[in-house]
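This report introduces one protein chain to a reader who has not met it before. The sequence and the model are shown first, and the description follows.

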Amino acid sequence: MEDIKFGTFTDPRDGHQYRTVKIGKQEWFAENLCYKTVGGNADDGKGSFVYENKPENEAKFGRLYTWAAAMDLPYAFSNKVAFETRQEKDAVHRGIAPEGWHIPSDEEWKEMIKFVHQHSEMDSGTALKSREGWKEDPEGCPAGTDEFGFCILPAGRRQGDQFLYLNKGGHFWTSTEKDAVYADRWGITYTGMRIEVFENFKGNALPIRCVKDR
């Protein structure tokens, strides 16, 4: 498919190299952000987490971030509104993405998924899921085809002080804030065929996919 192009990007902050993929008019990380934020815990808004603190999970799945950490905001914004005006809400938010990239908004996820719908015979989630690593669905949900190279991995999440849903769910923060305690995330589970948007507690920790500035 001519509108799908692959590349790499090296984060100058830590030298980590990421696979990238151009889907339509957007360019995305094709793997989860692995940048270790400055600080060591969620209380300062700078903490990021590795699933069960296992290095092999960091290497495969990247890191998990609270919404405040993803947006490079103090942890207090897990429980209060960060963006008051329409201008703030509609702005491009770099967050903790590398320079030249940013945390995707709800609308940017919609743009990518619309392209997938237009260019695949598969449901969006099936077309974007990685081919391996997912728990098998006893009801027969099809395996991922990863036909766009986006490679959604079932990286799980951190909820409170618990790590949950490894190999069962892949969900990603957006920059789109709903209210004082919720922000949008896009994702899919091992029993689902479509990638969908949900409201999520900002204090939970999820993976991030960065999208390139335009």
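What share of the contacts in the chain with a separation of 6 or more is accounted for by residues 24 or more positions apart? Such residues account for 57% of these contacts. The model described here is a predicted one.

## The chain as a whole

The chain contains 5 helices and 13 strands. Its C-alpha trace spans about 45 × 35 × 35 Å along the principal axes. For 214 residues, a compact globule would have a radius of gyration near 17 Å, and the 16 Å of this chain agrees with that value. Of the 214 residues, 52% are buried. The chain exposes about 10,400 Å², and 46% of this area is supplied by carbon and sulfur atoms. As for charge, the chain carries 29 positive and 35 negative charges, and the mean positions of the two groups are 1 Å apart.

## Paired strands

Four antiparallel strand pairings are set out below, each with its number of bridges.

| Strands | Bridges |
|---|---|
| β1 and β2 | 7 bridges |
| β2 and β3 | 4 bridges |
| β9 and β10 | 6 bridges |
| β10 and β11 | 6 bridges |

The description of these pairings begins with β1, β2 and β3. Strand β1 covers residues 4-10 and β2 covers residues 17-23. Within this antiparallel pair, Thr-8 stands opposite Arg-19 in β2. The hairpin of β1 and β2 has 6 residues between the strands, and Gly-15 takes a positive phi near 80 degrees there. Strand β2 also pairs with β3, which comprises residues 26-29. In that pairing, Thr-20 has Phe-29 in β3 as its bridge partner. The hairpin of β2 and β3 has 2 residues between the strands, and here Gly-24 takes a positive phi near 65 degrees.

Later in the chain, β10 takes part in two pairings, one with β9 and one with β11. Strand β9 comprises residues 169-177, while β10 comprises residues 182-189 and β11 residues 196-201. A hairpin through 4 residues joins β9 to β10, and His-171 has Gly-187 in β10 as its bridge partner. Strands β10 and β11 form a hairpin as well, with 6 residues between them. There, Arg-185 is matched with Phe-198 in β11 as its bridge partner. Is β10 mostly covered or mostly uncovered? The strand is mostly covered, since 6 of its 8 residues are buried.

## Residues in the loops

Asp-14 lies in the loop between β1 and β2. Leaving aside neighbours within four places in sequence, Asp-14 is in contact with Cys-34 and Tyr-35. The C-alpha atoms of Asp-14 and Cys-34 are separated by 9.6 Å, and the two residues are 20 residues apart along the chain. Asp-14 counts as partly exposed because its relative accessible area is 38%, between the limits of 20% and 50%.

Another loop, between α2 (67-70) and α3 (86-90), holds Asp-72. Val-81 is placed in the loop between α2 and α3 too. Which residues does Val-81 contact, leaving aside its neighbours within four places in sequence? They are Glu-177, Asp-179 and Ala-180. From Val-81 to Pro-138 the C-alpha to C-alpha distance is 41 Å, with their positions 57 residues apart in sequence. Val-81 has a relative accessible area of 30% and is therefore partly exposed.

Asp-72 has a positive phi of about 60 degrees although it is not a glycine. Its relative accessible area is 38%, so Asp-72 is partly exposed.

Asn-53 likewise is not a glycine, and its phi is positive at about 60 degrees. This residue is found in the loop between β4 (48-49) and α1 (55-61). Why does Asn-53 count as exposed? The reason is its relative accessibility of 63%, as exposed residues are those over 50%.

Note on methods:
Residues numbered from 1 in each chain as written. Predicted model: local features only at pLDDT ≥ 70, side-chain atom pairs only at ≥ 80, totals over all residues. Heavy atoms only, no water. Pairing = 2+ DSSP bridges. Buried < 20%, exposed > 50% of the residue type's maximum accessible area, 1.4 Å probe, protein only. Rg over C-alpha atoms; globule rule 2.2 N^0.38 Å. Contact = heavy atoms within 4.5 Å. Areas by Shrake-Rupley, 256 points an atom, 1.4 Å probe, with all protein chains shown as cover. Lys, Arg positive; Asp, Glu negative; His and termini not counted. Charge placed at Lys NZ, Arg CZ, Asp CG, Glu CD.
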